Amino acid sequence: MPLVSMRQLLDEAAKGGYGVGAFNVNDMEQIQAIMSAAKETKSPVIVQASRGARAFAEDLYLFKLIQAAAELNPEIPIAMHQDHGNSFETCKSAIELGYTSVMMDGSLKEDGKTPASFEENVAVTKKVVDFAHARGVTVEGEIGVLGGVEDGHGAGGTGLEHITDPDQAVEFAERTGVDALAIAIGTSHGAYKFTKKPDGSVLKMDVLIAIHKRLPNTHLVMHGSSSVPKDLHDVINQYGGKLKETWGVPVEEIQLGIRNGVRKINVDTDNRLAMTGAIRKVLWETPEKFDPRDYMKPAREAMKKVVALRMTQFGQAGHAGDYQPVSIAEIAKGYASGALSIKPLVAAR
Ligand code: 13P
């Protein structure tokens, strides 16, 4: 199956009332882990690469690996997504490579660190939407600013500094025409999100629900959605690691989000933890080993287990065969005719 439009994948998820995990990749083993989980659970899937991942793996290696995944798994719809594009040029280069979706994170300036103004965000995101939609490519925007830093991208902080304002979210969606919208509700990238199990004072599900009421047809995106489970954390520390105590986003909160318009859920840290724990265990228990396959195989398996579990928890499991992919050229026609334009329920004031 060719790579699928993320918009189609998310529209189908909205019809079915489920969410789709977007898993970050940097190398072959991570792509294989995701694909084997998708195959086992019969899940459509979003694979995403940050700028850091594209630089680490080199664009062409990474993209050819995704093409191999699509060729080897014709029954699985796969969307390939640029995570946190920092500029028009980054998004353009992903689209020209063949990515079927891009995130223009205009919530930050091009340095990927400094919060941008609302007008700057609207301008750069709209420019990306015009370029992408003409080519049938999906666009995710961001309004509000997430906490933490991932692959050198992020404003830092706890995630509570720039919570999304629902009025701004509506105006942003209306003026840019994005397909999907990442909102800041107190989550942050990385392992250290919360110092205790999050309650409503730090994880603003009420803001998410308010935004969904006004933008029922815009697919909401939850970034920083690793749950940082204690068992993965403990394996690392048991075999010589030094991770501090921490809490992630409870799966029940993500499921509440899914019942309220969240269609894309970004997960990276949980997979990093799973792989690192598995590698540490092998090297700790059998220090005489030096063949990378001896630790990469268990690492790949550990990541697969986490991904398969999330696919089941997010509800995408069992939906891979529900629909036929629409070609990217047809999707471009849908954007051009207005058939795919999304209107807020209540216009911006
Ligand atoms: P985590 O660090 O919680 O896995 O979040 C990943 C993410 O949001 C990628 O954009």
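**Cavities, nonpolar cores and the packing of helix 10**

About 40 Å³ of space lies within the second largest cavity of this predicted model. Rolling a probe the size of a water molecule over the atoms shows where empty space is left, and in this structure three cavities of 30 Å³ or more are found. The lining of the second largest cavity is formed by H84, D105, L108, E142, V145, L146, G147, G148, H153, G154, A155 and H189. When these lining residues are grouped by character, six are polar, four are nonpolar and two are charged.

The largest nonpolar core comprises 71 residues, and within this core V45, I78 and L181 are the residues with the most contacts. Helix 12 supplies the largest share of this core, contributing seven residues. Another core, which lies apart from the largest one, has 15 residues, including M6, L10, A13 and Y18.

Helix 10, which spans residues 251-258, has V251, I254, G257 and I258 as buried residues. When helix 10 is viewed down its axis, the buried residues fall within an arc of 110°, and they therefore line one face of the helix. An α-helix has 3.6 residues a turn, so residues three or four places apart point the same way. The buried residues of helix 10 pack against two other helices and two strands, namely helix 8 (205-214), helix 12 (292-314), strand 7 (219-222) and strand 8 (262-267). Helix 12 thus appears in both parts of this description, as a packing partner of the buried residues of helix 10 and as the source of the largest share of the largest nonpolar core.

Technical notes. Residues numbered from 1 in each chain as written. Predicted model: local features only at pLDDT ≥ 70, side-chain atom pairs only at ≥ 80, totals over all residues. Heavy atoms only, no water. Buried < 20%, exposed > 50% of the residue type's maximum accessible area, 1.4 Å probe, protein only. Helix = DSSP H or I, 4+ residues; strand = E, 2+ residues; numbered from the N terminus. Arc of directions from axis to C-beta. Contact = heavy atoms within 4.5 Å. 1 Å grid on protein atoms, 1.4 Å probe; cavity = no way out; pocket = protein on both sides within 12 Å on 5 of 7 lines; lining within 4 Å. Points joined across faces, edges and corners; volume = space filled by probe spheres on them. Nonpolar A, V, L, I, M, F, W, Y, C, P; charged D, E, K, R; others polar. Core = buried A, V, L, I, M, F, W, Y, C linked by side-chain atoms within 4.5 Å.
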